[in-house]
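Reader: Please go through this model and justify the terms used for it.

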Amino acid sequence: HNLPPPPLRAFLRLLLLSCEKNNMASEESPNRYLSCRWKDAPSKEVAISLVMDLAMLENAKMFRKPVQASEAEDYYHGTEERMTSWNTPVMCLDHMLTKAKEVRYVPDDGDKSLIPCLIEQDFNMIIHNACIYNPPEHEVNQEAHRLFRQAKPVFQRWYRKMLNCKVCHSDRMQEGNPLDICDFCCKGVHQRCNPSPKRLDAQGTHPFRDDEAWFCSSECQQTFREIEALHAPPHGKGGRGAAKSRSALSSYAFHTRSPVLT
C-alpha cells in the first residue's frame with residue numbers, strides 16, 4: 001500500500017491525537033468544552049446574544065414591543081407603564097434587549113452562569129402576561145404558547161453552554177446526576193445536591209407544556225402557581241380585558257423542562 005507523504009502523515013497523527021483528546025474530555029464533562037467560549041465572554045455579549053436568539057424566533061415579532069395603552073386601556077397599573085394592572089412586571093423583547101445592553105442581567109456576585117436564568121424569567125413574564133390578559137381562544141394567547149415552545153430549544157442550548165448547579169456551582173454532570181431546572185427561578189440543581197431527599201415530581205402540570213412541572217423549593221412552586229391562577233379562563237369569563245388587536249405581551253415565566261441536561 002502507498003503511504004501518504006511524511007508531512008501529511010505528521011498532520012494526520014496530530015489530527016488523530018487531537019480527536020482522541022477531545023473525545024476523552026467530552027466523556028469526562030461534555031458541557032465543559034462546549035461552554036468555555038461563552039463562560040469567558042463578556043457578560044454583555046452573552047446576554048445580548050441570547051436575547052437576539054429569542055427575538056429571531058418565528059413568533060417573536062408580536063412580542064417585540066410593549067403593549068400600547070390605547071389598545072388595552074386596562075393593561076397597565078398607573079401611568080408609568082412599568083407594572084400590569086394585576087401587579088406583574090411589564091416585559092417585552094425590546095425591554096429585554098435594553099436590559100442586556102445595560103448589563104442588568106448580571107447578578108451582584110458576577111456569576112455569569114445565571115444570565116440565562118434571569119433572561120428566561122423575563123421571557124416567561126411575556127408568556128404569562130399574554131395568557132393573563134387574553135383568554136385561551138385569543139390569537140395572542142395562542143401565539144404566546146407557540147413562542148414558549150419555540151424558545152425551549154434555545155434555552156436548552158444556552159443552559160448547556162452556561163448553567164452551573166446553584167448549590168455546588170459546578171457544571172459537571174454524571175450519569176444519574178443531571179442538572180434539573182426549576183420551573184420558576186430557572187436555576188439548575190444537581191439531583192444529588194437537591195436539599196430535598198428526592199425529586200418532587202408530583203408538583204402539578206405545567207400550563208405551557210404537556211408534562212409535570214418541577215420546582216426547586218416550595219417558595220418557587222407557590223409563586224409560580226399564584227401567577228398561573230391569574231390566567232384568563234376560556235371565553236373571557238373573568239378575563240382582564242377585551243381582546244383587542246394585540247392586547248398583552250408581557251408575561252411571567254417561560255420554562256424549559258427538567259431535567260434539561262443529562
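The exchange below sets values against their cut-offs.

Author: This is a predicted model, in which local features need pLDDT of at least 70 and side-chain atom pairs count only at pLDDT 80 or more, while totals for chains, interfaces and linings use all residues. Residues are numbered from 1 along each chain as its sequence is written, and side-chain values use heavy atoms, with hydrogens and water left out.

Reader: Why is Thr-84 called buried?
Author: Buried means under 20% relative accessible area, exposed over 50%, and partly exposed in between (1.4 Å probe, protein chains only). The relative accessibility of Thr-84 is 0%, so Thr-84 counts as buried. Thr-84 lies in strand S2, residues 83-84; strands (E, at least two residues) and helices (H or I, at least four) are DSSP runs numbered from the N terminus.

Reader: Which residues does Thr-84 touch, leaving out those up to four places away in sequence?
Author: They are Tyr-75, Tyr-76, His-77, Pro-89, Val-90 and Asn-129. Contact means heavy atoms within 4.5 Å.

Reader: What makes Glu-143 buried?
Author: Glu-143 has a relative accessible area of 14%, and is therefore buried. Glu-143 is found in helix H6 and, apart from neighbours within four places in sequence, is in contact with Asn-59, Met-62 and Phe-63.

Reader: Is Asn-124 buried or exposed?
Author: Asn-124 is buried, because its relative accessible area is 0%. Asn-124 belongs to helix H5, residues 115-133. From Asn-124 to Met-91 the C-alpha distance is 9.2 Å, with their positions 33 residues apart in sequence.

Reader: How do you know that H5 is roughly antiparallel to H6?
Author: H5 and helix H6 (residues 139-162) pack at about 170 degrees, and their axes are 10 Å apart. That angle makes the two helices roughly antiparallel. Angles under 35 degrees count as roughly parallel, over 145 as roughly antiparallel, 65 to 115 as roughly perpendicular and the rest as oblique. Axes are lines fitted to C-alpha atoms, for helices over the stretch in contact, and angles run from 0 to 180 degrees between N-to-C directions.

Reader: Which residues form the contact of H5 with H6?
Author: On H5 they include Ile-119, Phe-123 and Ile-127, and on H6 they include Phe-148, Phe-155 and Trp-158. The contact divides into 16 nonpolar, 2 polar and 1 charged residues. Here Ala, Val, Leu, Ile, Met, Phe, Trp, Tyr, Cys and Pro count as nonpolar, Asp, Glu, Lys and Arg as charged, and the others, Gly among them, as polar.

Reader: Why is there no bond between Cys-185 and Cys-216?
Author: A disulfide is a pair of cysteine sulfur atoms within 2.5 Å. The closest cysteine sulfur to that of Cys-185 is in Cys-216, 3.7 Å away, which is too far for a bond. A search of the whole structure finds 0 disulfides. Cys-182 is in none either, its nearest cysteine sulfur, that of Cys-216, being 3.7 Å away.

Reader: What makes Cys-182 and Cys-185 buried?
Author: Cys-182 counts as buried because its relative accessibility is 0%, and Cys-185 because its value is 9%.

Reader: What does the largest nonpolar core contain?
Author: A nonpolar core is a set of buried Ala, Val, Leu, Ile, Met, Phe, Trp, Tyr and Cys residues joined through side-chain atoms within 4.5 Å. The largest has 41 residues, and Leu-54, Met-96, Ile-119, Phe-123 and Phe-155 have the most contacts inside it. H6 gives the largest share, 10 residues. A second, separate core of 10 residues includes Cys-182, Cys-185, Phe-215 and Cys-216.
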